[in-house]
Amino acid sequence: MLDLPIVSISILLPLFSALYITFFISHSRSPRKQIYAVYVAILSSVLTLIATTYLLFSFDKYQGSFQFVERYPWIDKIGLEYFVGVDGLSLFFIFLTALLSLVCIVS
């Protein structure tokens, strides 16, 4: 199994691409820039779908706990940390969200 933070990638990739489109592309009125925004959105959603497909096929359904767990301290003074993981039920919703995002952007 890869040692990549795959859950964080599938969360942050659409967020960063939406911010990139909002701040750097969408202020232009040229049709060329608008087409570029569509390509960036499609590329981002395809990469997110690839990441979630990896989650789907690498998930061990016989293990009863969270998998792909990522835990990083964020603000130590108040005990705040970034803590994500995937269980068996949310796995299909994550994949479905990535698939529907791509379908919606393409259509």
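A polar contact is a pair of N or O atoms within 3.5 Å, where, within protein, one atom must be able to donate a hydrogen and the other to accept it. Keep that in mind as we walk through this structure, which is a predicted model. The side chains of Glu81 and Arg71 make such a polar contact, at 2.9 Å.

Let us stay with this pair for a moment. Glu81 belongs to strand E2, and with a relative accessible area of 35% it is partly exposed. Along the sequence, Glu81 and Arg71 are ten residues apart, and their C-alpha atoms lie 6.9 Å from each other. Setting aside neighbours within four places in sequence, Glu81 is in contact with Arg71, Tyr72, Pro73 and Trp74. Arg71 has a further partner: its charged end sits over the ring of Phe83, 4.1 Å from the ring centre.

Now for the aromatic rings. A pair of aromatic rings is described by how far apart the centres are and by the angle of the planes. The model has three aromatic pairs. One of them joins Tyr72 and Tyr82, with centres 6.2 Å apart and 15 degrees between the planes. This pair counts as stacked, because planes under 30 degrees apart are given that name. Tyr72 lies in strand E1 (residues 67-75) and Tyr82 in strand E2 (residues 80-86), so the pair ties together parts that are ten residues apart in sequence. Are these two tyrosines hidden away? Tyr72 is partly exposed, at 41% relative accessibility, and Tyr82 is partly exposed too, at 27%.Next, follow strand E1 to Gln67, which is found in that strand. Gln67 has a relative accessibility of 8% and therefore counts as buried, since buried means under 20%. Apart from neighbours within four places in sequence, Gln67 is in contact with Ser58, Phe59, Asp60, Gly85 and Val86. Phe68 also lies in strand E1 and is buried, with a relative accessible area of 14%. The backbone of Phe68 has a phi near 55 degrees, a positive value in a residue other than glycine.

Both Gln67 and Phe68 are touched by Ser58, when residues up to four places away in sequence are not counted. Ser58 takes us into helix H2, where it is found. With 24% relative accessibility, Ser58 counts as partly exposed. The C-alpha atoms of Ser58 and Asp3 are 12 Å apart, although 55 residues separate the two along the chain.

That brings us to the helices. Two packed helices are described by the angle between their axes and the distance between the axes. The axes of H1 and helix H2 (residues 31-58) come within 9 Å and cross at roughly 175 degrees. H1 is therefore roughly antiparallel to H2, because angles over 145 degrees count that way. Many residues meet across the two helices: among them are Ile6, Val7, Ser10, Leu13 and Tyr20 in H1, and Tyr36, Val40, Leu47, Thr48 and Leu55 in H2.

Ser10 offers a closer look at this meeting of helices. This residue is found in helix H1 (residues 6-25) and is buried, with a relative accessible area of 13%. Which residues does Ser10 touch, not counting those up to four places away in sequence? They are Thr48, Ala51, Thr52 and Leu55. Within its own helix, a polar atom of the Ser10 side chain lies 2.9 Å from the backbone oxygen of Val7.

Terms used: Residues numbered from 1 in each chain as written. Predicted model: local features only at pLDDT ≥ 70, side-chain atom pairs only at ≥ 80, totals over all residues. Heavy atoms only, no water. Helix = DSSP H or I, 4+ residues; strand = E, 2+ residues; numbered from the N terminus. Buried < 20%, exposed > 50% of the residue type's maximum accessible area, 1.4 Å probe, protein only. Contact = heavy atoms within 4.5 Å. Phe/Tyr/Trp six-rings, centres within 6.5 Å; stacked < 30°, edge-to-face > 60°. Lys NZ or Arg CZ within 6 Å of the ring centre and 35° of its normal. Axes fitted to C-alpha atoms, helices over the stretch in contact; angles between N-to-C directions. Parallel < 35°, antiparallel > 145°, perpendicular 65-115°, else oblique.
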